[in-house]
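Me: Please take a close look at a single part of the model shown below, and give one connected answer rather than a list. I would like to follow the reasoning behind each assignment where there is any.

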Amino acid sequence: MTSALLVDAALVLLVLGLALWITAARAAYGAAVGFVAYGLLLTIVWVRLAAVDVAMTEAALGSGLTGLLLLGAAARLAPYEAAEHQRRPGPWLRVLVGILCAAIAAGLAAVVLLLPDPAPSQALAVAAQLPATGLANPVTGVLMAYRAIDTLLESVVLVPALIGVWSLSTEMAWGGRPGFLTPWRSGSALPLLARVLPPFGILVGIHLVWAGADDPGGKFQGAAVLAAMWILVMVAGLREPPSVSDRLMRFLLIIGPLCFIGIGAAGIRLAGAFLAYPEAYAKPLILAIEVGLTISVTAVLGLLLAGPPAPEPQYQRRSRRRS
Amino acid sequence: MSGTTLFGLCAATLVGLGLYGLICQPGALRKILAFNLIGSGVFLLFGVIAQRGGGVLALAGTGRDGDPVPQALVITGLVVAFAATAIAVTLLVRLAETSARGTLEGDEPPPQAPPDEPRP
Amino acid sequence: MSLALDLFTIVAVTLGAIFFLAGTVGLLRFPDTLTRLHALTKADNLGLGLVVLGLLPQTTAPLGWIGLIAVWLLALLSGATVGQLLAEAVRPPEWDQNRTPDALPNVPPNAPEASSHD
């Protein structure tokens with residue numbers, strides 16, 4: 001047993017322990033806190049699996065922003081929790097479900113143990129094509145060139161998700177400002193943090209996007225950091241969330257997918273296929289797409305957490321203008 | 001038994017745990033949490049496959065090795081899973097606001113729902 | 001020379017880990033939220049600081065050093081803010097009526113001699 005195997009075994013035990021806590025905790029708030037810690041431990045697991053880009057995305061999105069979402073929901077749903085516990089399934093049903101889930105887990109474990117050796121890999125094919133894109137980070141190369149259609153569809157699908165969240169407002173509140181991020185009213189610690197941290201956070205976010213071309217990083221990780229800074233400013237009460245009828249904000253939401261589709265369509269003329277890049281201009285075009293996508297994904301992530309428009313009186317000043 | 005296989009078995013256990021939580025937990029927010037557990041288990045399985053496909057690039061030994069295609073798919077999956085969780089959580093909060101309960105069972109009438117705001 | 005640096009790393013990181021252990025014991029054994037916050041923030045600052053100090057010889061100067069120290073400073077900043085927010089949330093309400101807790105008068109509120117207090 002080498003020391004690396006011991007570290008991996010300890011990590012696995014911690015991750016499984018936290019997963020058990022999330023499943024078995026009495027209060028939803030405790031389970032949500034456990035979920036944030038679980039995401040951070042998974043980040044270390046991803047680093048052990050030699051996937052640093054995925055580790056950054058898991059820390060920023062999977063643990064940070066998802067944790068924020070779940071903590072807010074747990075706080076809002078706390079009054080209705082007591083009624084839930086009376087509706088648990090009976091013990092025999094739970095035993096049966098436990099056996100079936102254990103069988104499914106055993107099946108997946110068998111798949112893991114029977115994976116082919118030597119493992120098939122596309123790493124060599126990616127490495128052969130990577131210099132043509134001008135990038136040095138193979139994951140960014142796959143995201144922007146080999147599986148560019150996946151990234152395009154992913155950035156497009158975020159906008160209907162946001163529209164879905166907005167559509168859950170009440171009739172009177174449509175057109176107003178989102179209401180999930182109620183500002184913290186007392187004390188000065190949070191506004192101080194919201195004044196000191198965002199300059200550094202914005203620098204870190206932009207650096208992550210820029211460095212993603214050659215080193216681990218990329219637009220999703222950078223956009224998550226930028227969105228977190230924006231959310232911090234909103235929660236501290238230093239800025240109000242933009243109203244959902246704001247034209248500039250709506251334009252910023254779609255500028256990323258529009259850039260992507262535009263450059264992809266131009267590729268039909270210039271390089272022969274949708275989303276093909278002409279040889280000499282690959283890197284500048286990819287960077288242009290990344291800048292547009294960073295702006296859009298930052299806006300979408302921040303607004304997904306801000307929630308649907310709320311009927312609070314102070315947020316209804318601008319809602320006369322229906323659109 | 002290498003570290004990678006250990007992580008693969010961990011991923012299988014996470015999927016099983018998440019599935020149990022999804023079926024047996026009565027509250028919808030706990031179900032969403034369990035669903036995220038299943039998702040992270042599946043992503044870990046992708047990560048195991050990606051790590052096993054490494055060792056062939058010039059980056060071998062730098063800790064950034066691995067098959068980049070499954071890694072890129074996992075990054076895409078993480079972002080889309082976050083968006084789906086956001087919609088699910090917002091739906092749940094809206095359900096709780098209008099019908100004063102946090103579960104999805106519809107077999108009994110919900111407690112007195114607060115009247116919605118009057119239309120103009 | 002590198003042996004001395006490795007020894008320094010091991011000693012400093014071990015000391016940092018001991019502080020984290022002490023903080024966790026405090027989290028589990030202290031009676032209420034404010035004392036637990038005290039244990040956590042002390043362990044966080046000093047423990048992380050020692051771990052960062054121990055890792056400094058293992059990275060390239062100066063960018064690696066700036067990165068590690070920036071991590072420690074950011075953790076300090078966020079830990080201090082979260083400590084303040086939690087303490088505000090659990091502060092007992094009677095602390096707001098008088099400036100210091102031990103100035104609470106032990107008389108009924110509508111007694112005539114209590115009217116001279118603010």
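Reply: L71(A) is a useful place to begin: it has 16 other C-beta atoms within 10 Å, and is therefore classed as partly exposed, since 20 or more such atoms would be needed for a buried residue and 12 or fewer for an exposed one. The model is a predicted one, and everything that follows should be read with that in mind. L71(A) sits in helix α3 of chain A, which covers residues 52–77. The C-alpha atom of L71(A) is 33 Å from that of L6(A), a residue 65 positions away along the chain.

From that residue one can step back to chain A as a whole. The chain contains 11 helices and 0 strands, and its elements, read from the N terminus, follow the order α-α-α-α-α-α-α-α-α-α-α. Its C-alpha trace extends over about 60 × 60 × 35 Å along the principal axes, and 44% of its 323 residues count as buried. Among the contacts of chain A between residues with a separation of 6 or more, 76% join residues that are 24 or more positions apart.

Two loop residues of chain A deserve a separate look for their backbone angles. A50(A), in the loop between α2 and α3 of chain A, has a positive phi of about 60 degrees although it is not a glycine. This residue is buried, because 24 other C-beta atoms lie within 10 Å of its own. L275(A), which belongs to the loop between α10 (247–270) and α11 (282–306) of chain A, is likewise not a glycine and has a positive phi of about 65 degrees. With 21 C-beta neighbours inside 10 Å, L275(A) is therefore assigned to the buried class too.

Helix α4 of chain A allows a check on its geometry: it has 23 residues (91–113), so at 1.5 Å a residue it should span 33 Å, and the 32 Å between its end C-alpha atoms agrees with that expectation. The buried residues of α4(A) are C101(A), A105(A), L108(A) and V112(A). As a general point, an α-helix has 3.6 residues a turn, so residues three or four places apart point the same way. The cover over the buried residues of α4(A) includes two helices of chain B, namely α1 (3–24) and α2 (28–52).

That leads to the interface with chain B, where 86 residues of chain A are in contact with 72 residues of chain B. On the chain A side, at least two residues each come from α1 (3–24), α2 (28–48), α3, α4, α5 (123–129), α6 and α7 (148–166). Helix α3(A), the helix that holds L71(A), supplies the largest share of this side, with 15 residues. Sorted by class, the side of chain A that touches chain B consists of 61 nonpolar, 11 polar and 14 charged residues.

One helix pair between these two chains can be described in detail. Helix α6 of chain A (residues 138–146) packs against helix α3 of chain B (residues 68–99) at an angle of about 65 degrees, and their axes are 9 Å apart. The two helices α6(A) and α3(B) are therefore roughly perpendicular to each other, a class that runs from 65 to 115 degrees. The crossing of α6(A) and α3(B) is right-handed. P138(A), V139(A), V142(A) and L143(A) make the contact from α6(A), and P68(B), V69(B), Q71(B), A72(B) and I75(B) make it from α3(B). By class, these residues are 8 nonpolar, 1 polar and no charged.

Turning to chain C, 7 residues of chain A are in contact with 5 residues of that chain. The chain A side of this interface has 5 nonpolar residues, 2 polar ones and no charged ones. Here helix α8 of chain A (residues 189–211) and helix α3 of chain C (residues 63–90) pack at about 160 degrees, with 9 Å between their axes. Helices α8(A) and α3(C) are therefore roughly antiparallel, as the class takes in angles over 145 degrees. Their crossing is left-handed. The contact involves A189(A), L190(A), L193(A), V196(A) and L197(A) of α8(A), together with L77(C), T81(C), Q84(C) and L85(C) of α3(C). This set of residues comprises 7 nonpolar, 2 polar and no charged.

Technical notes: Residues are numbered from 1 along each chain as its sequence is written. Chains are lettered from A and ligands numbered from 1 in the order in which they are written. This is a predicted model: local features need pLDDT of at least 70, side-chain atom pairs count only at pLDDT 80 or more; totals for chains, interfaces and linings use all residues. Ala, Val, Leu, Ile, Met, Phe, Trp, Tyr, Cys and Pro count as nonpolar, Asp, Glu, Lys and Arg as charged, and the others, Gly among them, as polar. Helices (H or I, at least four residues) and strands (E, at least two) are DSSP runs, numbered from the N terminus. The expected span of a helix is 1.5 Å times one less than its number of residues. Axes are lines fitted to C-alpha atoms, for helices over the stretch in contact, and angles run from 0 to 180 degrees between N-to-C directions. Angles under 35 degrees count as roughly parallel, over 145 as roughly antiparallel, 65 to 115 as roughly perpendicular and the rest as oblique. A crossing is left-handed if the near helix is turned anticlockwise from the far one by less than a right angle, and right-handed if clockwise.
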